[in-house]
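Student: I would like to learn how to read a helix, a core and a pocket. Can we work through one example together?

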Amino acid sequence: MPAHTHDHIDWADRLAHLRAADALDAAAMTTAARRLVAALPPRPTIVDLGCGAGGMSTHFARELAALSGGTVVLVDATPALLEEAERTVKAEADKHVAQDSAGERGPVEVRAILGDLADAGLPHTLPPADLVWASHVVHHLADQQAAVGTVAAVAKPGGLVALAEGGLDFRCLPWDLGVGRPGLENRMLAAQAEWFIGMREGIDGAVPMPYGWSIALDRAGLTEVDSFGVLVHHPSPGPDSLVDYVVNRIDRLREFVGDQLAAEDRATVDALLDPAGPHFVGGRRDLYLLGAKTVHCGRRP
């Protein structure tokens with residue numbers, strides 16, 4: 001049975017897609033992890049809230065291993081994701097500790113804790129953190145401002161809070177696909193925005209947050225509020241894994257927004273996803289991936 005989630009999405013079922021996305025995001029998120037870890041004291045504790053498949057924490061573990069070591073605490077409400085994250089991040093930490101065992105660098109400890117960010121008591125179950133990371137998880141919770149406050153409460157005084165939210169929509173398809181009307185991806189992304197509104201409205205007890213993430217951090221009592229972005233760019237034809245990722249992405253978009261598309265666009269999507277057809281997207285050599293992620297930061301006084 002899928003784990004209960006506030007947004008009614010079976011995140012365990014999306015494990016393979018999350019792993020693929022983590023791999024394609026790796027270069028960009030390595031840059032983000034390095035920037036964040038550089039602002040921390042020696043042997044810090046990093047808490048990854050809503051860790052998913054553990055992609056970001058593999059970068060944290062590698063950066064800590066290159067310095068003085070530290071602790072990475074993985075937190076997720078979906079047991080299957082938490083188990084995968086723990087396995088992946090421990091493997092990364094062990095690999096780098098083994099390579100550096102003759103040096104003076106300290107070990108990287110990895111801990112996994114089943115927990116729900118919607119639980120206001122969650123900070124009492126976690127160690128105070130030098131860095132709290134939450135990527136694309138707060139917007140799935142009923143009260144986003146309250147969730148930001150919970151994230152902030154996990155940080156120790158002087159600790160850094162980093163939320164990855166927003167950015168630029170990812171794109172992967174040419175404008176004219178040779179089937180259907182040009183501009184299909186634009187219309188699918190517009191439908192996705194409408195789906196997101198419905199997803200938020202479908203969360204029990206959903207509370208509007210009619211302002212941006214920087215204001216949310218400020219209202220949570222954080223100081224030094226700022227943001228930075230990282231670019232994810234794989235020009236065509238891209239790595240071997242890109243084709244499967246795009247096929248899965250289009251399939252997921254069809255699942256979520258298909259009913260909101262015009263009949264002609266639904267037929268085009270079906271053609272793109274037909275492995276036996278002449279327009280199968282998996283047979284194209286002009287796929288790419290381009291988008292940006294924004295990280296919003298602040299410090300707990």
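**Reading the pocket, the helix and the cores**

Tutor: This is a predicted model. Start with open space: the second largest pocket has a volume of about 160 Å³.

Student: How is such space found?

Tutor: A probe the size of a water molecule is rolled over the atoms, and this shows where empty space is left.

Student: Which helices each supply at least two residues of the lining of the second largest pocket?

Tutor: α1, α2 (55–65) and α3 (79–99) do. The most comes from α1, with four residues. The lining includes Arg 19, Asp 22, Ala 23 and Ala 26, along with Gly 54, His 59, Glu 84 and Arg 87.

Student: What does helix α1 span between its end C-alpha atoms?

Tutor: Compare it with a straight helix. At 1.5 Å a residue, 23 residues would span 33 Å, yet α1 (residues 15–37) spans only 26 Å.

Student: Where is the kink in α1 centred?

Tutor: On Ala 26, with a kink of about 65 degrees. Ala 26 also lines the second largest pocket.

Student: Now the interior. Which residues of the largest nonpolar core touch the most other members?

Tutor: Leu 36, Phe 60, Trp 133 and Val 246, out of 56 residues. The largest share of this core comes from α1, which gives eight residues.

Student: What is Leu 36 in contact with, leaving aside its neighbours within four places in sequence?

Tutor: Phe 60, Leu 131, Trp 133, Leu 160, Ala 162, Phe 228 and Cys 297. There is also a second, separate core of 27 residues, with Val 73, Ile 113, Leu 141 and Ala 216 among them.

Terms used: Residues numbered from 1 in each chain as written. Predicted model: local features only at pLDDT ≥ 70, side-chain atom pairs only at ≥ 80, totals over all residues. Heavy atoms only, no water. Expected span 1.5 Å × (residues − 1). Bend = angle between axes of the 7 residues up to and from the residue. Core = buried A, V, L, I, M, F, W, Y, C linked by side-chain atoms within 4.5 Å. Buried < 20%, exposed > 50% of the residue type's maximum accessible area, 1.4 Å probe, protein only. Contact = heavy atoms within 4.5 Å. 1 Å grid on protein atoms, 1.4 Å probe; cavity = no way out; pocket = protein on both sides within 12 Å on 5 of 7 lines; lining within 4 Å. Points joined across faces, edges and corners; volume = space filled by probe spheres on them.
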